[in-house]
Amino acid sequence: MSIEVRNLRKAFGTFVALDDVNLDVPGGELVALLGPSGSGKTTLLRIIAGLEPADQGLIRFEGEDTTDRPVRERQVGFVFQHYALFRHMSVFENIAFGLRVRPRPVRPSDEEIRDTVMGLLRLVQLEALGQRRPSELSGGQRQRVALARALAVKPKVLLLDEPFGALDAKVRKELRRWLRRLHEEVHVTSVFVTHDQEEALEVSDRVVIMNEGRVEQSGTPEEVYERPATPFVYGFLGDVNLFHGRIDRGRVKVGASELDAPEWAEARDQAGVAYVRTYDVELTPSSSGRSSIETIVRHIRAFGPVIRLELDRVEDGGSVEAHLPRAQYDKLGLVKGQRVFVSPTSVRVFAGPADGSAARIA
Amino acid sequence: MTTAAVFRSATAAPRAVTRATGESRVVRWLLISIALVFLALVLLLPLVLVFNQAFAKGLPAYWDAIVQPDALSAAKLTLLTAAIAVPANLLFGVAAAWCVTKFEFRGKSVLITLIDLPFAVSPVISGMIFVLLFGAQGWLGDWLFEHDIRIIFAVPGIVLATTFVTAPFVARELIPLMQEQGSEEEEAAIVLGASGWQTFFRVTLPNIKWGLLYGLILCNARAMGEFGAVSVVSGHIRGETNTLPLHVEILYNEYAFAASFAVASVLTLLALVTLALKTLVEKRMAS
Amino acid sequence: MRHNSRTVLPGFGLSLGITCTYLSLLVLIPLATVFTKTAELSGPAFWATVTDPRVVASYRVTFGASFVAALVNTVFGLLVAWVLVRYRFPGRRLVDAMVDLPFALPTAVAGIALTTLYVPNGWVGGYLEPLGIQVSYTWIGITVALIFIGLPFVVRTVQPVLDDLEVEVEEAAASLGARRWQTFTRVVFPTVAPALLTGFAMAFARAIGEYGSVVFISGNMPMKTEIVPLLIITKLEQYDYAGATAVALVMLVVSFLLLLTINLLQWVARRRLAV
């Protein structure tokens, strides 16, 4: 089932959590809402679920307006960040809850409930733990119970709030892959909230990047990563170097260097920021042209397949981070304190001084 | 029983209720109304009545009832009793909390249960045990008689019974608090060269002062207001072994209602001050 | 007694010494008199004393009124706790503080105030009299006094549990299709039930020993409105020490059993609600 969000607005007192948000989730997709804390992603999820009323705007499920429908009639499955399992009930009863509270005429028989729950326990690989209490489970197991409980009511939409937020790194990775496989199996339209870019890019069909109550960009993981639409997205996804300068006739002047910016051919001496991914640079012992920036090696982290270098610009002491494949690094034979020239191989230029929130200089 | 532990009110503000989990306005309004009417009937009405009856015969009569010699001597005895029972239980409470929370030893859980014991005993029985011990027919009755020491139907009995009844208050408050705080800070102080007393006064005491004060407030309120236990050991000798609550009873039984409520209103004021202080300290403890 | 020498903190001997001495002198030795004094009675004499019709009648009054009062407090205590935790209304903080009044108000004051309220020409009794309801000097009056005394126990036991109840759990129930009432009966109530039961037991335990607030309103008619604590005092005043302690022993045993039950309930509640 598809979800449409139209002109959604929500404020808590003077704090604007959602500011005119529009969003389309095609049926059957697994979508990640990605953003820093306070970006409004959880609020959006809760409004889609019907846990929170919107101040303005519409939510449509499969074209049908559900804005004023109470949560229990929306047929959404919601997985809470801290699971919100019923502590006094066994795992089995937790999963059965949504079926047991149905009005008598549409309530499945005890046998049907048992079959459904056992099926879900198999699906989440917890067959043997049906009679345990939530307190007797590990974090990852609780997460899967919460998921099974949400799926038991055959929701049209599955919503997950930071589903892996409370787990340790190893379990996170496992559950991530597992969620992806599960989605391929049950294929219900799913939206999950996360602040972890790697998680969003790895698991989802589509990533929606939010910032300060607004949608910055929406697209496939490749799209948003390779073609960030805004400086914020650039800064939020992956490590990036920022070079402040002046844009003029298709070039950006950064100190003594000049970088190509063909899309700014019309610009005449205006402030701009060049964004360069840490791996989109070439290092050479001597200057290789106008775009070379002179730096000194400050620190080398030489382990693993990718070598991370911290460089200081000679001109103004600004910091540049470069990630090099090991082979290339070995060839250069760099040492701390050495002079080296950095040439960006791919530059994206945005006008204006970079706004503070995007300035995640690597 | 953990009276002191449940005594504390929750000061957290109510959370904002979202549409998904709130009741409708009508239901909410109905529930609030029922609760408030119930509380007004059970708590507020008696309170209002005390002051209404106290001033039933006018301000001069009220004043007379309070400054009457018997009332004043009862007030003096009440203050004296509290002045002995509260510090004694403070010392006991701190010592008990220290050994229970800072050390592991066999029989600890039994000790904690024993500390709570006086709360589980009826006030009447709390008074009775001292009669059995020190009364004319008691264990020590003959010996005390020979040495002309009076405990029952005298001030020492009243103090003992009151101390018994209020013994757990400070300890009950401190034990969970000190358990939660752990011993790391004290250990750090010892490692830095502080003596035991220095550690207690400079590290422990500042950490537990609000909890301690809380326990003392409750302890004091009960010490000044205790009726059942004191009633058994007092003998009701006017001007000698009457505390304020006993004086209220005597006046009431003599049909001196206005005077009785006048004295009662003083105790009620004390209760209200206790509640106010308690609320203030709770706020401090929460922050 | 030796403590585990894992800590460098001093004062074990001193603090344990003070605690044990104080407890022994003030609590244990005096309480032991109940047992030694009762032991002066032969078995049959003890049995005759504690099953005397007047004594049995007083058990009935005390336990019956205490039970009803604790039950009323359970219902209204839950309501009051719910309203205080969940709703905002003017004067909420004041009401919250007032709930503890029965703890702070001397019982004798409560006793005379309640009696004066419920006598036939009193503020409340005046309205009940025409309806043929006599409160003061009946078991209803005793129950009213015990409701006053026991209310904070239930409210203060339930309140923190309600406060800790995550809103998410209720949201989860709602998102799974539960109606508000279903959410309450299936999710909220089972969660607070152990605390509610603990509150009930505490209110009941306090009520069976209560003397000051009851003695004025009860009328103290033997066989009808005589509570056990008063009967003990009466026996003491008649110098029937052995009789008084025999009855007291019965009450002590009941109190200890209740204390054990309460501790067990709290233990169960903690286990059950642990995450």
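**Notebook: the contacts of chain C, and a hairpin in chain A**

I began with chains C and B, which bury about 9,200 Å² between them, carbon and sulfur atoms giving 78% of that area. The model is a predicted one, and I kept that in mind throughout. For the contact itself I listed 107 residues from chain C and 101 residues from chain B.

Next I looked for charged pairs between chain C and chain B and found two salt bridges. I noted one of them by name: Lys278(B) with Asp100(C), where the closest N and O atoms are 2.6 Å apart. I also searched this interface for polar contacts and got nine residue pairs, with both residues at pLDDT 80 or more.

Which helix gives the largest share of the side of chain C that touches chain B? I found that helix α1 of chain C, residues 12–39, does so with 20 residues. Sorting that side of chain C by class, I counted 72 nonpolar, 19 polar and 16 charged residues.

I then turned to chains C and A. I noted a buried area of about 2,200 Å² for this pair, with 60% of it on carbon and sulfur atoms. Three residues, Ser175(C), Leu176(C) and Arg186(C), supply 29% of the area that chain C buries against chain A, more than any other three residues. I listed 21 residues from chain C and 23 residues from chain A in this contact.

How many salt bridges cross the interface of chain C and chain A? I found one. In the entry for Arg46(A) I wrote down a salt bridge with Glu171(C), the closest N and O atoms lying 2.5 Å apart. Polar contacts across this interface came to three residue pairs, both residues being at pLDDT 80 or more.

I checked which elements give two or more residues to the side of chain C that touches chain A, and they are α9 (167–175), α10 (180–209) and α13 (241–273) of chain C. Of these, α9(C) gives the most, with seven residues. By class, I divided this side of chain C into eleven nonpolar, four polar and six charged residues.

Last, I looked at a pair of strands within chain A. Strand β12 (residues 251–254) and strand β13 (residues 257–260) of chain A pair in the antiparallel sense, over four bridges. I looked up the partner of Val252(A) and found that Leu259(A) in β13(A) stands opposite. The two strands, β12(A) and β13(A), form a hairpin with two residues between them. In the turn I noted that Gly255(A) has a positive phi, about 60°.

Terms used:
Residues are numbered from 1 along each chain as its sequence is written. Chains are lettered from A and ligands numbered from 1 in the order in which they are written. This is a predicted model: local features need pLDDT of at least 70, side-chain atom pairs count only at pLDDT 80 or more; totals for chains, interfaces and linings use all residues. Side-chain values use heavy atoms; hydrogens and water are left out. Contact means heavy atoms within 4.5 Å. Buried area is the accessible area (1.4 Å probe) that two parts lose on being put together, summed over both. A salt bridge is a side-chain nitrogen of Lys or Arg within 4 Å of a carboxyl oxygen of Asp or Glu. A polar contact is a pair of N or O atoms within 3.5 Å; within protein, one must be able to donate a hydrogen and the other to accept it, and residues adjacent in sequence count only if both atoms are side-chain atoms. Ala, Val, Leu, Ile, Met, Phe, Trp, Tyr, Cys and Pro count as nonpolar, Asp, Glu, Lys and Arg as charged, and the others, Gly among them, as polar. Two strands pair if DSSP finds at least two bridges between them.
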